Structure formats: C-alpha cells, structure tokens
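Here are a few exercises to work through with the sequence and the 3D view side by side. Try each task before reading its solution.

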Amino acid sequence: QVQLVVSGGGLVQSGGSLRLSCAASGTIFSINNMGWYRQAPGKQRELVATMTSGGYRNLADSVKGRVTISRDNTKNTVSLQMNSLKPDDTAVYYCNAVVATMKDTVAFDFWGQGTQVTVSS
C-alpha cells in the first residue's frame, strides 16, 4: 500500500552533520504527520521530530537547536538535517508517516526501514 524509502545516515564524528531523507509512495490520499523516530540499543523507540502537513513541528527536547525537519507535501517527502551531532544521537532512525489511503478514512502509521546513525566521540 504505502512504502517509505529512507536515505542518508552513516558514521560521523561528534560535532558533525548528517541529513536523512524519506520518500513515501503508493496509495496515498493524504499524509498528516510525517517525521522521524529513533531507537538506541536497549532503549525504546523515541520521537525525534515530526511535522504536520500544515507545517507544525514537534521536536524532542534533546535535539532542539540541532535539527531541522522539513517536508515537501507535493512530493510526499520529509528530511531531517542534523547538526552538532553527539554520541548520544547514535541510534537506528526510522521514518514515520500517518497516511490516509482514501478520502474520509482512518489514517494509519507506516514505517520506513531503519537507517543507522553512528556518532563517534
């Protein structure tokens, strides 16, 4: 139905930058929230940043001032620019989209494949 394809991630030194991108495709009527979560080893998945179709951004306190989330609603894409990365940012990052596949239907969560972000000290 809906596929989320993620690009970006990798290994970076502390203080460095990375950009993650995610593109949604398939049977899409509308995407409400779209954004990023992460999961570090031994920890629960947590929100990093999300953005509504109307432009409202929700960022985790731990990344405020260091990350920028942006969306292109016409292309169904979302990007995450991460700067001043810290070792604590090391995790698998997942793209998430809350998608309605038809008009006037319930929207569901879809997830992309995870991408590893490793920040070395």
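The exercises below concern a predicted model, and each one comes with a worked solution.

**Exercise 1. The core**

Task: Find the largest nonpolar core and work out which elements give two or more residues to this core.

Solution. Start with the core itself: the largest one has 32 residues. Next, look for the residues with the most contacts inside it, which are Leu 4, Cys 22, Trp 36, Ile 69, Leu 80 and Met 82. Then turn to the elements. Those giving two or more residues are strand 1 (2–8), strand 3 (18–26), strand 4 (30–39), strand 5 (46–51), strand 7 (67–72), strand 8 (77–82), strand 9 (91–100) and strand 11 (115–120). Strand 9 provides the largest share, five residues.

To finish, zoom in on Met 82. Leaving aside residues up to four places away in sequence, Met 82 touches Gly 16, Ser 17, Leu 18, Leu 20, Arg 66, Val 67, Tyr 93 and Val 117. Keep Arg 66 in mind for the last exercise.

**Exercise 2. The disulfide**

Task: Which cysteines form a disulfide, and which parts does the pair tie together?

Solution. Begin with the count, which comes to one disulfide. The partners are Cys 22 and Cys 95, with sulfur atoms 2.1 Å apart. Now place them: Cys 22 belongs to strand 3 and Cys 95 to strand 9, so this pair ties together parts 73 residues apart in sequence. For the handedness, check the angle about the S-S bond: at -85 degrees, the link of Cys 22 and Cys 95 is left-handed.

Last, ask whether the two ends are buried or exposed. Buried means under 20% relative accessible area. Cys 22 has 2%, so Cys 22 is buried; Cys 95 has 0%, so Cys 95 is buried too.

**Exercise 3. The surroundings of Thr 115**

Task: Describe where Thr 115 sits and what its side chain reaches.

Solution. Thr 115 is located in strand 11 and, at 12% relative accessibility, counts as buried. Its contacts, not counting residues up to four places away in sequence, are Val 6, Gly 8, Gly 9, Leu 20, Ala 91, Val 92 and Tyr 93. Take two of these further. Tyr 93 is 22 residues from Thr 115 in sequence, yet their C-alpha atoms are 5.2 Å apart in space. As for Gly 8, its backbone oxygen is reached by the Thr 115 side chain at 2.8 Å.

**Exercise 4. Salt bridges**

Task: How many salt bridges are there, and which residues are linked in a network?

Solution. The count comes to four salt bridges. Let's go through some of them.

- Arg 38 and Glu 46 meet through their side chains at 2.7 Å, N to O. Arg 38 is buried at 6% relative accessible area, whereas Glu 46 is partly exposed at 38%.
- Lys 64 pairs with Asp 61 at 3.1 Å, N to O. Asp 61 counts as exposed, with 65% relative accessibility.
- Arg 66 pairs with Asp 89, their closest N and O atoms being 2.8 Å apart. Arg 66 lies in the loop between strand 6 (57–59) and strand 7, and Asp 89 in the loop between strand 8 and strand 9, so the pair ties together parts 23 residues apart in sequence. Arg 66 counts as buried at 11% relative accessibility, and Asp 89 counts as buried at 2%.

The final step is to put the network together: its members are Arg 38, Glu 46, Arg 66 and Asp 89.

Methods. Residues are numbered from 1 along each chain as its sequence is written. This is a predicted model: local features need pLDDT of at least 70, side-chain atom pairs count only at pLDDT 80 or more; totals for chains, interfaces and linings use all residues. Side-chain values use heavy atoms; hydrogens and water are left out. A nonpolar core is a set of buried Ala, Val, Leu, Ile, Met, Phe, Trp, Tyr and Cys residues joined through side-chain atoms within 4.5 Å. Buried means under 20% relative accessible area, exposed over 50%, partly exposed in between (1.4 Å probe, protein chains only). Helices (H or I, at least four residues) and strands (E, at least two) are DSSP runs, numbered from the N terminus. Contact means heavy atoms within 4.5 Å. A disulfide is a pair of cysteine sulfur atoms within 2.5 Å. A polar contact is a pair of N or O atoms within 3.5 Å; within protein, one must be able to donate a hydrogen and the other to accept it, and residues adjacent in sequence count only if both atoms are side-chain atoms.
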